[in-house]
Amino acid sequence: MDGLVEKLAAIVGRENVADDASTLERYSKDGSFAVPMKPRLVVKVKSADEVQSIVKLANETGTPLVPVSSTGPGQRGDTVPSVPEAVVVDLSGMKRILSVNRQQRMAVVEPGVTYGELNAALAKEGLEFSMPLAPKAGKSVVASVLDMEPRLNALHQWNFIDPLRCTEVVWGDGNRMYTGEAGGGPLDVEKQQASEKWQVSGTGPMMLDFYRLLTGSQGSMGIVTWASLKCEAASPLHAMHLVPASKAEDLIDFVYRVTRLRLGSEMLILNRAALAALVADDAAGMAKLAADMPAWAALVGISGQSILPEKRVQAQTLDIAEIAQQFGLKLLPSLPGLSGEKVYAKVTGTGGASSWKKKAKGSFAELFFTTTLDRFPEFGAKMNELASEAGYPLGDIGVYINPQNMGTSHHCEFILPYDGACAAETARAKKLFVHASEVFAGMGAYYLRPHGIWSRLQLNKDAQSTMILQRMKGIFDPNNIMNTGKLGLQGE
């Protein structure tokens, strides 16, 4: 047993330090096009104290650390080591829900808590938490909010970071602190809550909003060991409707009008391929459903909330139906073979061990960025042009569009399924993914979540911001041990 293994074992126990070939292989790659690289070790932690001790040890030994909190196959390359001899810090075993407060509508959770586990706990208190679109069963809630995944209730999302509020973080230099209003109290959640402090505000401490350094950073600044999350009162009634269209352009004005009036709760747009993949059980079911589906559909959810839920759903349904009619569209409770209730169950479900996007061919690439909805036709036309040039089947491309930050901008995603067992298909999908990413960057796509090659494409547009990020990296992670190589940040 080498010296590093012994030192790590003294912190977490030898049974929680893995160096066997099968475990290292599992953490060496994901479903993205990231270059596979085996870590030196995988360490499973159970507490913030253990995390802090490991970070301090990593600074002493110059060991790169890669934090991981979700289980199951990843997709974006952020948990694949970028440098040799890295140690993966697996936080998926930190599963405590530290508190749920019905009055404040707040929950404090550790990074191993999944959406299914959190929503089960919240339901007992009459609460629920905003979801991304159909997360996989092992998806970490904390990892999701730190990565700013688009929320289904974005019409009530006050900024891109919402619903994340306060955090506990172990910075790359080994220092541990609370961010947000929690930073003004003792380093003990129970003591803060005993004095009626519920970690509600994410700003601070003092004049610096530290959580902005953590969101979108892919673990390159520090490791978050708990986060406080804003929740909502559970609604006893919900209705999901569909607005079919032959072209995406036909839905734009409708979506803008509904969003501006703050009607409904969920609002997303899917093309035929994406909707079939979301609701079908397998590839055969996809083909059967797609045969009767419209080319495009807006999914409009209406939450009754807690006061007069039936009247609220009824009134908003009539209002949204009238808006749809103004634009030559129809608000429908179902499509052939597909009810609104079934769609809602799939949209908010936690699915299986892997992503619903795998159903078509077993592997997929996802190309997503932030833009305004009125610009989507430009990107859609360009994607079709690039796919045609690459020989990629246009009918296989899935499209998913979701409002962000109260509809001020939109998450735009192209899903490129391919057979990972076929070298030719894999090469074709990778070539299209890389080329389209570069072209879209030139067209003004904003890579809000700059995974993989997108970090270079986005940061190259703003030298001053890149310089500031490098400086901040040098302050909070002076020895460059936190997810070394991600975002192209090396510190100063």
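Asn-405 sits in the loop between strand E18 (398-404) and strand E19 (409-418). This is a predicted model. The briefing covers backbone exceptions, helix H4 and the second largest pocket.

**Positive phi outside glycine**

- Most residues other than glycine have a negative phi, and most peptide bonds are trans.
- Asn-405 departs from the phi pattern: it is not a glycine, yet its phi is positive, about 50°.
- Asn-405 has 14% relative accessibility and so counts as buried, the cut-off being under 20%.
- Met-206, also not a glycine, has a positive phi of about 60°.
- The loop between H6 and H7 holds Met-206.
- Met-206 has a relative accessible area of 78%, so it is exposed; the cut-off for that class is over 50%.

**Cis peptide bonds**

- Gly-204 and Pro-205 are joined by a cis peptide bond, with omega about 5°.
- Pro-205 belongs to the loop between helix H6 (189-194) and helix H7 (211-214).
- The bond from Asp-162 to Pro-163 is cis as well, with omega near 15°.
- Pro-163 is found in the loop between H5 and strand E8 (164-171).

**Helix H4**

- Four names make up the buried set of H4: Tyr-115, Leu-118, Ala-121 and Leu-122.
- Viewed down the H4 axis, these buried residues fall within an arc of 135°, so they line one face of the helix.
- An α-helix has 3.6 residues a turn, so residues three or four places apart point the same way.
- The buried residues of H4 pack against four strands and a helix: strand E5 (97-101), strand E6 (106-109), E7, strand E10 (222-230) and helix H5 (141-146).

**Second largest pocket**

- Rolling a probe the size of a water molecule over the atoms shows where empty space is left.
- The second largest pocket holds about 830 Å³ of space.
- Its lining has 35 residues. Nearest the centre of the second largest pocket are Glu-128, Ser-130, Asn-153, Glu-232 and Ala-233.
- Helices giving two or more residues to this lining are H4 (115-123), H11 (309-326) and H12 (340-348).
- Strands giving two or more are E7 (127-128), E11 (232-233) and E14 (296-303).
- By residue class, the lining of the second largest pocket divides into 14 polar, 12 nonpolar and 9 charged.
- H4 and E7 thus appear in two settings: both give residues to the pocket lining, and the buried residues of H4 pack against E7.

Notes: Residues numbered from 1 in each chain as written. Predicted model: local features only at pLDDT ≥ 70, side-chain atom pairs only at ≥ 80, totals over all residues. Heavy atoms only, no water. 1 Å grid on protein atoms, 1.4 Å probe; cavity = no way out; pocket = protein on both sides within 12 Å on 5 of 7 lines; lining within 4 Å. Points joined across faces, edges and corners; volume = space filled by probe spheres on them. Nonpolar A, V, L, I, M, F, W, Y, C, P; charged D, E, K, R; others polar. Buried < 20%, exposed > 50% of the residue type's maximum accessible area, 1.4 Å probe, protein only. Arc of directions from axis to C-beta. Contact = heavy atoms within 4.5 Å.
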